[in-house]
Amino acid sequence: MRMKEEIKEILEKMSFWNHLQESGKESLIQNSKIIEYHAGDGVYSGGTQCLGMMTVLDGILRTYLLSDEGKEVTIYRLREGDVCVLAASCMLSAITFDVEMEAQTDTRILLVPVWLLSKLQEENVYVENFIYKEAAKRFSDVIEALQQMMFMSLTQRVASFLLDESAKQNTSSIFMTHEEIAKIIGSAREAVSRILKQMAKNGYISLNRGEIKIEEKARLYQLL
């Protein structure tokens with residue numbers, strides 16, 4: 001009962017909620033579920049699944065493209081309050097590529113199953129508008145990631161990541177390994193480590209075990 005109350009509180013914040021009939025609201029509450037993942041767990045594989053709409057309650061989800069050779073390119077990450085509908089790509093004809101998702105940290109999500117989402121979308125224009133608005137947000141994230149890879153040097157991409165992460169976490173200390181950063185920005189660990197060591201040598205950052213601390217934020221911005 002307590003979980004259903006939590007689910008209802010989350011759903012009530014959706015912009016389409018007040019435009020649903022009571023039967024639609026009740027169906028959402030009863031069929032949506034909260035799922036927990038541990039750091040490193042696979043959450044979604046576009047080639048084999050069609051889950052539904054995800055809302056991140058706690059933690060971070062990493063969304064990436066996976067080549068046939070096994071190379072990963074991170075296209076965006078989802079944090080608390082973010083919504084993703086790409087895990088319901090089977091009902092979105094405009095989406096012609098598959099994404100993968102993993103839990104970067106211990107994560108909780110609210111999942112609205114694809115069959116219910118599809119039904120509500122067909123019945124209610126407000127649900128349909130919400131879905132395509134959220135899909136547009138994620139496409140914007142994809143374009144931004146591709147622009148960074150195509151038009152920014154590796155040094156600029158590392159600096160941009162550190163600054164963005166610092167701003168999102170509201171701290172100058174970033175607790176991530178070089179391997180994790182390399183995955184996120186689509187590079188090799190060795191190359192990222194080389195850039196970080198050079199930044200540390202220049203005094204922009206300091207490196208400790210599992211921690212990167214920004215010392216000169218203004219100088220990092222100058223790299224951009």
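Two strands count as paired if DSSP finds at least two bridges between them, and the exercises below apply this rule and a few others to a predicted model.

**Exercise 1. Establish how strands β4 and β7 are related, and then place both of them in their sheet.**

Step 1. Strand β4 (residues 61–66) and strand β7 (residues 100–103) are joined by four bridges and run in the antiparallel sense, which meets the requirement of at least two bridges.

Step 2. Individual partners can then be located: arginine 62 has glutamate 102 of β7 as its bridge partner, while threonine 63 stands opposite methionine 101 in β7.

Step 3. On looking for further pairings, one finds six bridges between β4 and β5, again antiparallel, with threonine 63 partnered by tyrosine 76 in β5. Strands β2 and β7 are likewise antiparallel and are joined by three bridges, and here glycine 42 has glutamate 102 of β7 as its bridge partner.

Step 4. Putting these pairs together gives an open sheet of four strands in the order β2-β7-β4-β5, with antiparallel pairing. The edges are formed by β2 (42–45) and β5, each of which pairs on one side only, and the twist from one strand to the next averages 25°.

**Exercise 2. Determine which way the side chains of β7 point, and whether they are buried or exposed.**

Step 1. In a regular strand the side chains alternate between the two faces of the sheet.

Step 2. In β7, Glu100 and Glu102 point one way, whereas Met101 and Ala103 point the other way.

Step 3. As for accessibility, all of these residues, the two glutamates Glu100 and Glu102 included, are buried.

**Exercise 3. Describe the surroundings of glutamate 72, and decide whether this residue is buried, partly exposed or exposed.**

Step 1. Glutamate 72 belongs to strand β5 (residues 72–78), a strand that is mostly covered, since six of its seven residues are buried.

Step 2. The relative accessible area of glutamate 72 is 22%, and because buried means under 20% and exposed over 50%, glutamate 72 is classed as partly exposed.

Step 3. Leaving aside residues up to four places away in sequence, glutamate 72 touches Arg62, Tyr64, Leu65, Leu66, Lys183 and Gly186.

Step 4. Helix α6 (residues 178–185) lies across β4, β5 and β7 and runs at about 95° to β5. Alanine 182, although 110 residues away from glutamate 72 in sequence, is 9.8 Å from it in space, C-alpha to C-alpha.

**Exercise 4. Classify the packing of helices α5 and α6, and list the residues that make the contact.**

Step 1. Helix α5 (residues 154–169) packs against α6 at an angle of about 105°, and their axes are 11 Å apart.

Step 2. Because angles from 65 to 115 degrees count as roughly perpendicular, α5 and α6 are roughly perpendicular to each other.

Step 3. On the α5 side the contact is made by Leu154, Arg157, Val158, Phe161 and Leu162, and on the α6 side by Ile181, Ile184 and Ile185. By class, this contact has seven nonpolar, no polar and one charged residues.

**Exercise 5. Compare the loop residues glutamate 69 and asparagine 170 in place and accessibility.**

Step 1. Glutamate 69 is found in the loop between β4 and β5, whereas asparagine 170 lies in the loop between α5 and β9 (173–174).

Step 2. The relative accessible area is 70% for glutamate 69 and 71% for asparagine 170; because exposed means over 50%, both residues count as exposed.

Step 3. Asparagine 170 also has a phi near 55°, a positive value in a residue other than glycine. For glutamate 69, one distance can be added: its C-alpha atom is separated by 33 Å from that of tryptophan 115, 46 residues apart along the chain.

**Exercise 6. Identify the largest nonpolar core, and say which elements supply it.**

Step 1. The largest nonpolar core has 25 residues, and those with the most contacts inside it are Leu11, Phe16, Leu20, Leu28, Met53, Leu110 and Val112.

Step 2. At least two residues of this core come from each of α1 (2–11), α2 (22–31), β3 (52–58), β8 (107–113), α3 (114–123) and α4 (125–151).

Step 3. A second, separate core of 22 residues includes Ile174, Ala182, Val192 and Tyr204.

Methods:
Residues numbered from 1 in each chain as written. Predicted model: local features only at pLDDT ≥ 70, side-chain atom pairs only at ≥ 80, totals over all residues. Heavy atoms only, no water. Buried < 20%, exposed > 50% of the residue type's maximum accessible area, 1.4 Å probe, protein only. Contact = heavy atoms within 4.5 Å. Core = buried A, V, L, I, M, F, W, Y, C linked by side-chain atoms within 4.5 Å. Axes fitted to C-alpha atoms, helices over the stretch in contact; angles between N-to-C directions. Parallel < 35°, antiparallel > 145°, perpendicular 65-115°, else oblique. Nonpolar A, V, L, I, M, F, W, Y, C, P; charged D, E, K, R; others polar.
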